[in-house]
Amino acid sequence: MSGTSPAVEADGLHKRYRAKVAVDDVSLSIQGGEIFGILGRNGAGKTTTVELIAGLRRPDRGTVRVLGVDAHRDRARLRQILGVQLQESQLHAALTVTELVRLYRTFYRDPLDAGELIESVGLTASRGTRFQNLSGGQQQRLSIALALVGRPRVVILDELTTGLDPEARRQMWATVAALRENGVTVLLVSHAMEEVERLCDRVALLDAGRVVALDSPAGLVRRAGFAQRVTFVPAGPVPEGLLEGLLEGLGEVERVRADGGRVVVEGRDDLLQAVSVALVRAGVVVTETRGERATLDDAFVALTGRHLEHEEVR
Ligand SMILES: Nc1ncnc2c1ncn2[C@@H]1O[C@H](COP(=O)(O)OP(=O)(O)OP(=O)(O)O)[C@@H](O)[C@H]1O
């Protein structure tokens with residue numbers, strides 16, 4: 001591969017399941033050594049997109065090249081350069097960690113050493129444990145190990161931290177960051193914006209099968225249209241329009257709106273300080289004051305009118 005040709009080039013991908021268009025004209029160009037994220041709501045078409053890139057599904061239209069290899073015409077060569085960890089991998093439940101790694105080693109010409117690989121994902125102490133008896137986090141780590149066993153130059157990881165506790169999630173992020181250090185290109189599918197913001201060099205936001213924006217995480221967050229947000233609840237009744245009038249006069253404020261009982265102020269710079277001082281000076285008592293940066297979710301709302309993550313009932 002020359003230094004400038006992309007590691008993954010997907011062009012005009014389209015996939016329909018009967019009446020449902022899952023992927024609608026998706027084109028992506030991923031550079032070597034990038035951690036590239038695909039972020040979207042449940043059902044946005046993320047998994048279908050990466051299955052098309054991995055050569056596991058045939059597109060109705062469009063082409064995929066991974067390091068120059070046609071993903072649909074040359075599956076045998078693709079398998080040697082691409083590692084794939086998909087959601088809910090179907091592994092032989094009765095085999096142990098070591099047995100599974102040994103089995104997968106036989107699929108590749110120049111596989112990694114079994115013991116070193118198991119060590120690198122922190123499973124040495126569990127190497128004799130059957131897959132079905134591993135914790136969720138251990139199963140995830142094993143599935144990453146199996147995606148890496150053939151020394152792939154490109155790796156696809158789909159929802160790698162879903163269902164993991166915070167500690168296991170952080171370990172997984174460290175594993176992915178280490179892949180980039182070794183020059184591996186990573187295509188990371190997620191609906192968790194924190195994960196994508198931390199790890200990815202660039203992100204494609206997918207909605208209803210289409211790429212609605214593609215940029216660095218910071219570049220995407222700028223699409224939110226504001227940098228800071230302050231919310232608070234007035235302690236008592238406030239005459240209508242008073243707060244809006246007071247706050248809209250501040251240089252840092254871009255927008256003020258009511259959201260139920262809360263007041264939401266969007267703007268920039270040290271918004272929290274500016275708003276707090278103005279409220280104190282005007283003698284308005286407030287509670288539950290919170291200042292936060294704009295996130296990828298705010299950008300997603302600005303682009304699509306909907307939130308990224310479902311409002312799940314907890
Ligand atoms: N095998 C299939 N047959 C029919 N419809 C499918 C099939 N696989 C996916 N779909 C539909 O296609 C759309 C895209 O699904 P896909 O799994 O690619 O989305 P996703 O963004 O990965 O979602 P999730 O985050 O829930 O995994 C969804 O509406 C889904 O219901």
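For these notes I take contact to mean heavy atoms within 4.5 Å. The model I consulted is a predicted one.

**Entry 1. Helix α11**

I looked up the helix spanning residues 296–304, α11, and asked which of its residues are buried. They are Leu296, Asp297, Asp298, Ala299 and Phe300. I then traced what these buried residues pack against. Their partners include the helices α7 (193–199) and α8 (217–222). The strands on the list are β3 (35–40), β9 (202–207), β11 (228–234) and β14 (286–293).

I next examined the two ends of α11. At the N-terminal end, threonine 295 serves as the cap. One of its side-chain oxygens lies 3.1 Å from the backbone nitrogen of aspartate 297, a residue that I had already noted as buried. Following α11 I found glycine 305, with a positive phi near 80°.

**Entry 2. Positive phi outside glycine**

I kept in mind that most residues other than glycine have a negative phi. Against that background I recorded leucine 67, whose phi is positive and near 50°. Leucine 67 sits in the loop that runs between β4 (61–66) and β5 (69–70). Is leucine 67 buried, partly exposed or exposed? Its relative accessibility is 24%, so I entered leucine 67 as partly exposed; the buried class ends under 20%.

I also recorded glutamate 288, again a residue other than glycine with a positive phi near 50°. Glutamate 288 belongs to strand β14, one of the elements against which the buried residues of α11 pack. I counted glutamate 288 as exposed because its relative accessibility is 53%, and exposed requires over 50%.

**Entry 3. Glutamine 85**

I turned to strand β6 (residues 82–85), where glutamine 85 is found. Glutamine 85 has 2% relative accessibility and therefore counts as buried. What does the side chain of this buried glutamine 85 meet? I found a polar contact of 3.4 Å with the side chain of glutamine 140. A further polar contact, also given as 3.4 Å, joins the side chains of glutamine 85 and serine 143.

I then listed what glutamine 85 touches, leaving aside residues up to four places away in sequence. Besides Gln140 and Ser143, I noted Ile144, Ala147, Ile156, Leu157, Asp158 and Leu160.

**Entry 4. The ligand**

I asked which of the 14 residues around the ligand come nearest. They are Gly43, Gly45, Lys46, Thr47 and Thr48. For the shell as a whole I noted three nonpolar, six polar and five charged residues. Both β2 (20–30) and α1 (46–53) supply at least two residues of this shell, and α1 gives the largest share, three residues.

I looked up individual distances to oxygen atoms of the ligand. A backbone N or O atom of alanine 44 lies 3.0 Å from one such oxygen. For the side chain of lysine 46, an N or O atom is 2.8 Å from a ligand oxygen. For the side chain of threonine 48, the corresponding distance is 2.6 Å. Taken alone, the ligand exposes 630 Å², of which the protein buries 65%.

**Entry 5. Domains**

Finally, I noted how the chain is divided: domain 1 covers 8–222 and domain 2 covers 227–293. I recorded 43 Å between the C-alpha centres of domain 1 and domain 2.

How values were computed. Residues are numbered from 1 along each chain as its sequence is written. This is a predicted model: local features need pLDDT of at least 70, side-chain atom pairs count only at pLDDT 80 or more; totals for chains, interfaces and linings use all residues. Side-chain values use heavy atoms; hydrogens and water are left out. Buried means under 20% relative accessible area, exposed over 50%, partly exposed in between (1.4 Å probe, protein chains only). Helices (H or I, at least four residues) and strands (E, at least two) are DSSP runs, numbered from the N terminus. A polar contact is a pair of N or O atoms within 3.5 Å; within protein, one must be able to donate a hydrogen and the other to accept it, and residues adjacent in sequence count only if both atoms are side-chain atoms. A residue is near a molecule or strand if one of its heavy atoms lies within 4 Å of it. Accessible areas come from the Shrake-Rupley method with a 1.4 Å probe; for residues, only the protein chains shown count as cover. Ala, Val, Leu, Ile, Met, Phe, Trp, Tyr, Cys and Pro count as nonpolar, Asp, Glu, Lys and Arg as charged, and the others, Gly among them, as polar. Domain bounds come from an automatic or database domain assignment.
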